[in-house]
Amino acid sequence: MILILPNMTKKYYESIYKSSCNVVGITCTANMRELDELFPDFDVVIIDEVSKATPPELLPPLMRARKTILVGDHRQLPPVFDEYEKSYNELLEGIKTEADDENESEMVLREEDLNKYRTMVTSSLFREYFEKADERIKHSLLTQYRMHSDIQRVINRFYDGKLESGVKDVENEKKAHGLKVTTDRGESFLRPDSHAYWVDSSKLQGKLMEQSRYPGSTSLHNIFERYLILAILAKINDAYVAMGKSGITVGVISFYGSQVNDLRKAVRAMRKSGKLKALKVDVNTVDRFQGKEKQIIITSLVCNTKHGNASRHVAAFERINVAFSRAQNLLIIVGARNLYSGLTVPIPNMDTGEIRSARIYQGIVDDIARNGALIAGETLIVPKDVSNIMKEYDKEAKER
């Protein structure tokens with residue numbers, strides 16, 4: 001028997017149902033007027049991912065709360081703006097960079113306007129309040145259930161070593177990737193007992209493989225790292241196909257839009273040709289990955305210069321933290337070991353905010369190397385691809 005309710009009856013019961021709800025979910029930027037009739041205020045408002053929200057976004061839900069619980073991680077990314085996901089500081093720096101002598105006065109005015117509202121559009125408020133708040137009203141949740149302890153050791157540098165694993169006793173079962181993969185030279189690459197790797201993209205056949213920039217673009221890409229990631233994806237896919245597994249989630253992350261665009265095109269081509277049957281691959285910027293998690297994360301760091309300098313993207317501890325902490329079972333970092341080992345990263349104390357400079361990457365590389373998981377990138381590249389990489393690299397070098 002099927003009962004069909006007239007529209008009037010449906011609206012009547014819908015109204016009763018809504019008025020009986022005691023938990024309501026809504027985004028901070030939704031139209032709060034939709035709540036006016038049934039939910040003018042709340043006993044408790046819980047706001048998640050608060051570090052990503054600006055104070056103006058937080059104001060409407062806060063005004064409806066008798067008590068507010070803010071949940072966030074001030075060790076991750078601050079609010080970002082415009083289609084390129086720039087942080088406030090990066091947006092301001094972009095304004096300075098674009099200025100020339102003729103419009104310098106206009107740039108200064110815009111900078112002053114932005115500085116006037118700095119505290120309204122950064123995460124400094126949440127960070128400042130958390131660091132200064134009375135111990136009775138704040139608490140840190142330091143037991144993580146997402147990742148294998150190998151990966152936890154990598155990101156614990158961003159949490160003053162305070163993170164603990166909630167899956168330690170069962171992680172070899174629950175967080176297993178099960179992969180046994182060799183390089184093209186027959187050497188060990190991925191092992192079932194290791195969950196964090198660094199693939200060194202510093203050099204190929206003794207040649208420094210520097211970053212590139214397309215004409216007219218401010219973003220960076222790295223040809224060698226693109227080929228490395230495609231080779232890694234192919235090897236992982238083939239291994240899972242041989243194991244009879246499919247639907248494995250993989251996130252490919254980069255700090256730079258140009259690298260993401262190049263990787264997306266290449267991954268799309270691989271998918272069309274049937275080379276990724278076992279994998280569900282998501283390629284995006286680190287900003288777009290905050291809040292997500294994947295069984296496998298491959299991170300492309302891109303930067304590599306003969307002068308040993310790098311952009312602020314890869315020296316921002318919040319970005320590094322997000323890029324590496326999305327992984328559940330396997331983390332593969334693709335980057336120029338020579339450059340990153342010498343890079344210092346400013347990092348504040350979790351509780352006091354006191355800033356120190358640390359060689360975060362050097363510590364990560366050293367730990368991974370001790371576990372036998374530091375891999376020379378060129379061992380993953382077949383001779384045909386070596387030739388293609390060199391041709392593409394030399395062509396771009398001439399155009400620069």
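In this predicted model, helix H13, spanning residues 360-370, lies across three strands: S9, S15 (327-335) and S18. Relative to S9, H13 runs at about 105°. Two of the strands under this helix are also partners of each other: S9 (residues 196-200) and S18 pair in the parallel sense, with three bridges between them. One of the residue pairs here is Trp198, whose bridge partner in S18 is Leu374.

Zooming out, these strands belong to an open sheet of six, and the order reads S13-S12-S14-S15-S9-S18. The pairing in this sheet is parallel. At the edges stand S13 and S18 (374-376), each with a single partner strand, so one side of each has no neighbour in the sheet. Going from strand to neighbouring strand, the turn is 20° on average, ignoring direction. As for the side chains, those of a regular strand alternate between the two faces of the sheet.

What about the S13 edge? Strand S13 covers residues 279-285, and six of its seven residues are buried, so the rest of the structure largely encloses this strand. Its pairing with S12 (residues 248-254) is parallel and runs over seven bridges. Within this pair, Ser254 sits opposite Thr285 of S13. Together with helix H9, the two strands make up a β-α-β unit, and this unit is right-handed.

H9 (residues 257-272) also packs against another helix, H8 (residues 223-243). The two meet at an angle of about 35°, and their axes are 10 Å apart. This crossing, too, has a hand: H8 and H9 cross in the right-handed sense. On the H8 side, the contact is made by Glu225, Arg226, Ile229, Leu230, Leu233 and Ala234. H9 contributes Gln259, Asp262, Leu263, Ala266, Val267 and Met270. Sorted by character, the residues of the H8-H9 contact come out as eight nonpolar, three charged and one polar.

A separate piece of strand pairing involves S16 (residues 345-348) and S17 (residues 355-358), and here the sense is antiparallel, over four bridges. One of the paired positions is Pro346, which has Ser357 of S17 as its bridge partner. S16 and S17 form a hairpin, with six residues lying between the two strands. In the turn, Gly353 has a positive phi of about 80°.

Technical notes:
Residues are numbered from 1 along each chain as its sequence is written. This is a predicted model: local features need pLDDT of at least 70, side-chain atom pairs count only at pLDDT 80 or more; totals for chains, interfaces and linings use all residues. Side-chain values use heavy atoms; hydrogens and water are left out. Axes are lines fitted to C-alpha atoms, for helices over the stretch in contact, and angles run from 0 to 180 degrees between N-to-C directions. A crossing is left-handed if the near helix is turned anticlockwise from the far one by less than a right angle, and right-handed if clockwise. Contact means heavy atoms within 4.5 Å. Ala, Val, Leu, Ile, Met, Phe, Trp, Tyr, Cys and Pro count as nonpolar, Asp, Glu, Lys and Arg as charged, and the others, Gly among them, as polar. Two strands pair if DSSP finds at least two bridges between them. Buried means under 20% relative accessible area, exposed over 50%, partly exposed in between (1.4 Å probe, protein chains only). A crossover is right-handed if, with the strands pointing away from the viewer, the path from the first strand over the helix to the second runs clockwise.
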